Amino acid sequence: MASMYAISLLFLSTTTTLTQIPPTLSSTLLQDLNNLHPPPDFNTTLTKNCHHNPSLKYCNSTPFNLPQIFKFTIVATHLCNDSNNPNCIESFPKIDLKNRPNLAPLYLSFTFFWIYCPLTILSIDLSNNSLNQNFPKEIFYCSQIQSLDLSHNFLHGDVPIKNFSLVPNLTFLNLSYNYFSESKISDTQFFKRFNSSSFLHSGLVPDNKKFRIRAVILLILFPISVIIMVVLLGWLCFFRPDLLPALFRRNHRFTPSILKMATGGFSKRNLVGRSGVVDIYRGELRDGSEARIEIFWESLSRKKRREFVEECRIMVKLEHKNLVKVMGWCDDRKLRAIVAEWVGEESVEMWLLRSNPPWKKRVKVLMGVMEGIRYLQEEWPEVGYDLKTSSVLLSEERDPLISRFRVDAQNSRSKKIFKYGIFVLEMVSNKRPRKEFERGEAGFLEWVRMNYPENVEKVIDERMKKKANTIEQASEAIDLGLKCTDLSAVPHPSFDQIYIMLSRIYRSCMISTSHVHKRLHKEGKEGHKRRDSRGNQRMKHLLLD
């Protein structure tokens with residue numbers, strides 16, 4: 001039966017009339033594909049068919065793929081019958097699977113059938129099958145077809161327009177009611193080939209209504225969106241540049257909005273200090289870093305504001321371990337601010353009052369401040385600074401940090417040296433000239449000179465331990481401070497000379513501290529030896545007894 005069945009289909013492909021009609025198969029298509037096998041003379045039959053009709057598709061492949069060609073004949077028989085052709089023995093003119101959603105995807109999956117598509121097929125109808133896939137390119141193997149209907153499906157993606165050149169006899173095409181991608185302008189020749197009804201609601205031809213909507217979007221909404229974007233970008237640039245990518249930010253520039261956000265709306269909770277027209281806040285910037293924000297509330301003329309900005313441009317360039325790093329500034333008509341790194345609230349003044357630091361740590365602070373001053377003097381001589389003990393801050397490691405600067409060409413070197421001398425004397429005496437003396441710094445200096453050198457211990461902080469070497473070193477520091485504050489002295493000591501004298505005091509302090517440690521260590525060893533000696537003697541007495 002299989003042999004007769006296969007041969008009949010081969011003749012069907014040649015459109016030759018058969019003298020015998022094979023029996024109707026009751027088994028399903030898939031069962032036939034699994035159970036039926038090519039007859040022994042199948043190869044011979046194929047050869048004869050190709051001799052009579054060389055245009056048959058399978059004639060182009062030698063040697064013959066017998067299993068595949070045999071499966072093709074089985075599928076062709078079932079498909080011909082399922083397509084309701086009147087006489088499948090004599091002819092297979094059409095594939096009609098309209099409204100057959102269970103069969104259409106199955107037959108499309110048999111690629112081997114389409115490769116050997118019978119030449120008699122002139123019409124293919126796969127409409128209304130809910131096919132949800134890309135365009136079925138297998139159809140193009142049937143190059144002789146004249147009619148193709150793929151309407152009322154869910155086909156999507158691009159239509160392979162160039163492949164339609166493979167079906168030159170195609171005169172009827174229906175791709176309506178699908179979801180294909182919109183065609184390009186270069187595809188206009190393809191649309192001229194077929195009637196416009198071939199593409200109704202297919203997605204290929206631009207919909208006039210959609211086109212009008214797009215035109216409205218392009219001509220009206222797009223410019224509006226551009227304007228909104230420009231306004232938003234402008235607002236970010238002027239008010240919240242910290243929200244912009246780093247590439248678009250203005251370096252070191254802060255706005256009132258940024259500072260307001262960083263300080264919680266300038267809340268009292270974040271207010272850590274106030275001096276005249278300056279409020280000092282502790283703030284947190286958007287990147288999580290903490291900042292010391294000094295707000296100046298007084299209004300300035302345009303000229304003064306320009307000078308302020310120029311000063312800030314210089315201050316952000318200062319880089320030294322004993323200087324607070326200035327991060328940027330804010331220049332607004334109603335608000336000016338300097339933003340610096342947060343190093344804590346403790347100033348040298350607070351440290352002296354609360355901690356009663358030993359002399360060695362005080363000398364270390366004096367050295368740190370001097371190193372910061374020397375850097376400024378060598379690299380930025382136009383930059384002035386505030387050396388009040390209330391303005392010099394301490395880091396967590398107790399390193400001194402000069403925190404306030406001012407760019408002023410009139411900042412003479414002698415004035416800077418004078419201020420450092422006052423700072424040295426404050427460190428030794430723990431006195432606050434502006435609060436404890438009626439005449440301020442002048443009264444303070446007069447008090448120091450009155451007690452030095454005869455009553456030098458009265459000048460030294462009474463809470464500090466006054467050992468002989470400490471008094472000697474503190475006396476040298478007082479002498480250094482008085483030389484710095486003596487404006488009538490000729491010549492006035494230079495910063496290099498001050499640094500040398502201070503270094504000598506610092507080394508002397510370190511050496512004396514080292515000697516104390518060695519002596520204590522030695523005494524500890526000797527005490528241990530004495531205790532061991534006394535213990536050995538007691539043991540001897542016990543043994544003798």
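Select Asp 149 first: opposite this residue stands Asn 174, in strand β5. The model on the screen is a predicted one. Asp 149 and Asn 174 serve here as an entry to the strands around them. Extend the selection to strand β3, residues 147-149, together with β5; these two strands pair in the parallel sense over three bridges.

**The open sheet**

Now add β1 and β2 to the view. The four strands form an open sheet in the order β1-β2-β3-β5, and their pairing is parallel. Which strands lie at the edges? They are β1 (94-96) and β5 (172-174), each of which pairs on one side only. From one strand to the next, the twist averages 5°. As general background, the strands of a sheet pair through backbone hydrogen bonds, either parallel or antiparallel.

**Two loops beside the strands**

Select Asn 99 next, in the loop between β1 and α5 (104-108). The phi of Asn 99 is near 60°, a positive value in a residue other than glycine. Most residues other than glycine have a negative phi, and most peptide bonds are trans. Is Asn 99 buried, partly exposed or exposed? Asn 99 has a relative accessible area of 42%, so this residue counts as partly exposed.

Proceed to Ser 130, in the loop that lies between β2 (123-125) and β3. Ser 130 also has a positive phi, of about 55°, although it is not a glycine. The relative accessibility of Ser 130 is 47%, and it therefore counts as partly exposed.

**The hairpin**

Select residues 326-331, strand β10, and residues 336-341, strand β11. In which sense do β10 and β11 pair? Their pairing is antiparallel and runs over five bridges. A hairpin through four residues joins β10 to β11. To see a facing pair of residues, display Val 326, which stands opposite Ala 340 in β11.

**A buried serine**

Move to Ser 395, which is found in the loop between β13 (392-394) and β14 (400-402). With a relative accessibility of 11%, Ser 395 lies under the 20% limit and so counts as buried. Leaving aside residues up to four places away in sequence, Ser 395 touches Val 343 and Leu 401.

**Helix α11 and its partners**

Select helix α11, residues 348-355, and helix α13, residues 413-429; their axes come within 10 Å and cross at roughly 15°. How are the two helices oriented relative to each other? Angles under 35 degrees count as roughly parallel, and α11 and α13 are therefore roughly parallel to each other. The crossing in which α11 passes α13 is left-handed. Show the side chains at this contact: Val 348, Trp 351 and Leu 352 in α11 meet Phe 423, Glu 426 and Met 427 in α13. By class, the contact has five nonpolar residues, one charged residue and no polar residues.

Keep α11 selected and add helix α12, residues 359-379. These helices pack at an angle of about 175°, and their axes are 13 Å apart. Angles over 145 degrees count as roughly antiparallel, which makes α11 roughly antiparallel to α12. Here Val 348, Trp 351 and Leu 352 in α11 meet Lys 361, Arg 362 and Val 365 in α12. This contact of α11 with α12 has four nonpolar, no polar and two charged residues.

**A cis peptide bond**

Select Tyr 452 and Pro 453. The peptide bond that joins them is cis, with omega about 5°. Pro 453 is located in the loop between α15 (440-451) and α16 (456-459).

**A cysteine in helix α17**

For the last stop, select Cys 484, in helix α17, residues 468-485. Is Cys 484 buried or exposed? The relative accessibility of Cys 484 is 0%, and so this residue counts as buried. Add Gly 421 to the selection: Cys 484 and Gly 421 are 63 residues apart in sequence, yet their C-alpha atoms are 4.8 Å apart in space. Which residues does Cys 484 touch, not counting residues up to four places away in sequence? They are Ile 417, Phe 418, Gly 421, His 492, Pro 493 and Ile 498.

Technical notes. Residues are numbered from 1 along each chain as its sequence is written. This is a predicted model: local features need pLDDT of at least 70, side-chain atom pairs count only at pLDDT 80 or more; totals for chains, interfaces and linings use all residues. Side-chain values use heavy atoms; hydrogens and water are left out. Axes are lines fitted to C-alpha atoms, for helices over the stretch in contact, and angles run from 0 to 180 degrees between N-to-C directions. Angles under 35 degrees count as roughly parallel, over 145 as roughly antiparallel, 65 to 115 as roughly perpendicular and the rest as oblique. A crossing is left-handed if the near helix is turned anticlockwise from the far one by less than a right angle, and right-handed if clockwise. Contact means heavy atoms within 4.5 Å. Ala, Val, Leu, Ile, Met, Phe, Trp, Tyr, Cys and Pro count as nonpolar, Asp, Glu, Lys and Arg as charged, and the others, Gly among them, as polar. Buried means under 20% relative accessible area, exposed over 50%, partly exposed in between (1.4 Å probe, protein chains only). Two strands pair if DSSP finds at least two bridges between them.
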